[in-house]
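Here are my notes on the model, set out point by point. Please read them with the structure open.

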Amino acid sequence: MRRKPTGCRHAAVRQGKGNSMQKFQPRRIRLKTGEELVIREATPQDAAGLLDYVEAISGESDNLTFGPGEFDLTLAQEQEYLAAVQKRSTAIYLVGFLGDELVASLSFTAGLRKRMSHAGEFGMSVRKSHWNKGIGAAMLGAFLHWCRSTGEIRKVNLRVRVDNQPAIHLYEKFGFRQEGRRSREFHINGEFVDIFFMGLEID
Ligand SMILES: CC(C)(COP(=O)(O)OP(=O)(O)OC[C@H]1O[C@@H](n2cnc3c(N)ncnc32)[C@H](O)[C@@H]1OP(=O)(O)O)[C@@H](O)C(=O)NCCC(=O)NCCS
């Protein structure tokens with residue numbers, strides 16, 4: 001069963017006429033800080049903001065698969081990617097905003113072939129200056145709600161560093177279970193780091 005993120009109140013953003021066919025209904029969420037987080041699907045217009053965001057978060061932790069300067073998509077490639085994700089019923093790229101500030105992202109893609117299209121892996125991040133406000137939980141909650149609404153997605157997977165305690169705590173809170181461990185997934189500053197595979201069955 002889905003757990004409600006701690007300290008958050010959820011409400012669907014009111015939609016104008018004609019928006020009922022949207023793949024993801026945008027949400028406004030009141031955080032425990034009192035701030036309002038808006039979660040919506042990213043569009044190609046978000047490409048430049050997302051490239052800046054990704055460059056910023058790459059230097060804020062060693063928990064991602066890339067470091068500063070390594071995420072080298074061009075603006076056109078990023079726009080193309082976001083447009084492609086928008087069209088797919090089993091992929092999503094969510095962005096979270098506090099006012100105009102892009103503070104969080106979560107992206108998921110299920111397999112393309114029929115036998116693999118029920119399952120996929122996601123990655124998420126929140127700007128460090130906004131950690132521990134409940135934004136990660138709000139993003140994950142909104143994402144899992146969307147997964148359940150698709151009727152197609154039956155398994156959600158992720159990989160996480162074994163020492164990434166806040167992330168593991170967050171995933172376990174939403175019912176994810178550890179399914180395995182792989183050694184030496186990362187090699188950062190001369191140190192190898194293992195990862196856990198985690199997963200959540202969607203029924
Ligand atoms: C992991 C991440 C997305 C969490 O985002 P967030 O907005 O801080 O998440 P939340 O505030 O919703 O939840 C964080 C939880 O971790 C807990 N936490 C914080 N530090 C912790 C620690 N050292 N050990 C265990 N739990 C910890 C918080 O108490 C909170 O749990 P609670 O709400 O039950 O009290 C964010 O830290 C991040 O972007 N990290 C860098 C990128 C990353 O690691 N991405 C995941 C890769 S798999």
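The numbered points below go from the overall fold to the strand pairing and then to the ligand.

1. This is a predicted model. The protein has four helices and nine strands, and along the sequence these run in the order β-β-β-α-α-β-β-β-α-β-α-β-β.

2. On packing, 26% of the 203 residues in the protein are buried. Of the contacts between residues at least 6 apart in sequence, 57% link residues at least 24 apart.

3. Strand 9 (residues 191–201) pairs with strand 7 in the antiparallel sense, over seven bridges. In this pairing Val 156 is placed opposite Leu 200 of strand 9.

4. Strand 9 also pairs with strand 8 (residues 177–188), again in the antiparallel sense, over eight bridges. Here Ile 188 faces Glu 191 of strand 9. Strands 8 and 9 make a hairpin with two residues between them. One point to check is Asn 189 in the turn, which has a positive phi of about 50°.

5. Which residues come nearest to the ligand? Of the 23 around the ligand, they are Asn 63, Trp 131, Gly 136, Ala 137 and Gln 165. Two or more residues of this shell come from each of strand 6 (119–126), helix 3 (135–150), strand 7 (155–161) and helix 4 (165–173). Helix 4 contributes the most, with six residues.

6. By residue class, the shell around the ligand comprises eleven nonpolar, ten polar and two charged residues.

7. Strand 7 belongs to both parts of this note: strand 7 gives two or more residues to the shell around the ligand, and strand 7 pairs with strand 9.

Conventions
Residues are numbered from 1 along each chain as its sequence is written. This is a predicted model: local features need pLDDT of at least 70, side-chain atom pairs count only at pLDDT 80 or more; totals for chains, interfaces and linings use all residues. A residue is near a molecule or strand if its C-beta atom, placed from the backbone, lies within 6 Å of it. Ala, Val, Leu, Ile, Met, Phe, Trp, Tyr, Cys and Pro count as nonpolar, Asp, Glu, Lys and Arg as charged, and the others, Gly among them, as polar. A residue is buried if 20 or more other C-beta atoms lie within 10 Å of its own, exposed if 12 or fewer, and partly exposed in between; C-beta atoms are placed from the backbone. Two residues are in contact if their C-beta atoms, placed from the backbone, lie within 7 Å. Two strands pair if DSSP finds at least two bridges between them.
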